[in-house]
Amino acid sequence: MILLDGKKTAADLKQEIALSVQKLKKQGKKIPHLAAVLVGENGASMTYVNAKVKACELVGFKSTLIKLPEDTTEEKLLQEIETLNNNKNVDGFIVQLPLPKHINEQKIVMAVNPDKDVDGFHPVNVGKMTLDLPCFLPATPFGILELLERYNVETSGKNVVIIGRSHIVGRPMSILMSQKRTAGNATVTVAHSRTKNLKEITLQADIIVAALGKPEFLTGAMVKNGVTIIDVGITRVEDTTKKRGYRLAGDVHFESVAPKSAFITPVPGGVGPMTIAMLMKNTLLACERKEN
Ligand code: NAD
């Protein structure tokens with residue numbers, strides 16, 4: 001079993017991005033600038049946004065964090081987005097999801113200028129991704145492709161089962177892995193909450209991407225020997241032995257699945273760090289595309 005070490009791979013990637021930033025500096029060019037908008041005080045969202053700001057510092061980007069109160073109106077948030085769309089200094093920005101219930105997320109995603117949409121959530125970017133045109137790929141699927149590529153995991157002609165059909169993970173992952181690309185050319189099955197006999201399907205899989213948000217859902221009995229496992233899930237599970245009162249659990253029951261796996265991502269330290277590194281990569285791309 002080989003651990004797909006997202007923490008190390010993400011550190012390598014950030015190092016490469018930092019070198020690109022140094023090059024830009026030397027050439028007197030613009031330094032990438034990422035802005036993040038955080039509405040309210042959702043604990044997990046605050047952790048993610050802080051990690052993104054810290055990653056910007058590490059690679060040498062400029063970053064701006066815009067914190068808005070929980071009761072921010074949709075109109076006010078749309079105004080903030082318009083300001084960021086028009087700010088020439090900002091190359092890319094993200095609005096951290098989920099948003100408070102009174103704000104229509106779809107409307108917010110649609111308001112972001114696709115050229116600054118480094119999360120890759122705008123329909124223009126989703127459409128371009130589907131047609132295999134240059135675009136911003138959503139960071140989590142982009143990170144998974146990068147991890148598979150860097151570990152030379154063979155995907156061509158393999159049976160890939162994606163569990164979950166969300167707009168940010170499962171769906172794009174299924175599109176990307178079926179395309180002609182290095183970590184692609186796979187025969188993809190998308191499983192979801194209405195799928196029947198999931199175990200029969202996962203037992204046929206050469207590669208499984210678990211993105212359903214149910215802690216330790218995929219067990220050893222559901223996978224065949226030699227499988228490759230990408231565990232996207234991150235759920236806070238109560239744990240009184242921990243100082244913070246919880247631990248992070250993936251969607252995969254690591255103890256029973258790992259011994260049967262050829263490759264497997266741990267949680268934490270797998271897909272999570274890759275997601276942040278790819279957001280940095282997208283921001284660098286946004287800056288370079290703007291300058292050219
Ligand atoms: P989501 O809740 O939007 O979607 C879950 C999907 O799982 C749905 O499409 C649903 O149909 C499917 N599903 C639910 N129960 C199922 C079942 N019993 N069998 C088969 N399919 C089932 O979730 P999401 O936003 O895609 O996130 C999934 C998980 O990944 C969450 O734990 C989330 O925190 C995590 N996540 C991690 C990262 C990262 O960077 N590591 C990024 C995004 C999401």
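Modeller: In this predicted model, a polar contact is a pair of N or O atoms within 3.5 Å.

Biologist: What makes the approach of His 192 to a nitrogen atom of the ligand a polar contact?

Modeller: A backbone N or O atom of His 192 lies 3.4 Å from that nitrogen. The cut-off is 3.5 Å, so the pair counts as a polar contact. Val 232 likewise places a backbone N or O atom 3.4 Å from a nitrogen atom of the ligand, and the pair therefore qualifies. For Arg 165, a backbone N or O atom is 2.8 Å from an oxygen atom of the ligand, which is within 3.5 Å and therefore also a polar contact. The protein covers 73% of the 850 Å² of accessible area that the ligand has on its own.

Biologist: Which residues come nearest to the ligand, and which helix gives the largest share of the shell?

Modeller: Among the 21 residues around the ligand, the nearest are Arg 165, Ser 166, Ser 193, Lys 214 and Thr 275. Helix H10 (residues 271-291) gives the largest share, 3 residues.

Biologist: Why are Lys 116 and Arg 289, near the centre of the second largest pocket, called charged?

Modeller: Both belong to the lining, and Pro 114, Asp 115 and Phe 136 are also among the residues nearest the centre. Lys and Arg count as charged, so Lys 116 and Arg 289 fall in that class. The lining as a whole has 6 nonpolar, 1 polar and 6 charged residues, whereas the ligand shell has 9 nonpolar, 10 polar and 2 charged.

Biologist: Which helices each supply at least two residues of that lining?

Modeller: They are helix H5 (123-130) and H10. The pocket has a volume of about 170 Å³.

Technical notes
Residues numbered from 1 in each chain as written. Predicted model: local features only at pLDDT ≥ 70, side-chain atom pairs only at ≥ 80, totals over all residues. Heavy atoms only, no water. Near = heavy atom within 4 Å. Polar contact = N/O pair within 3.5 Å; in protein donor to acceptor, adjacent residues only side chain to side chain. Areas by Shrake-Rupley, 256 points an atom, 1.4 Å probe, with all protein chains shown as cover. Helix = DSSP H or I, 4+ residues; strand = E, 2+ residues; numbered from the N terminus. 1 Å grid on protein atoms, 1.4 Å probe; cavity = no way out; pocket = protein on both sides within 12 Å on 5 of 7 lines; lining within 4 Å. Points joined across faces, edges and corners; volume = space filled by probe spheres on them.
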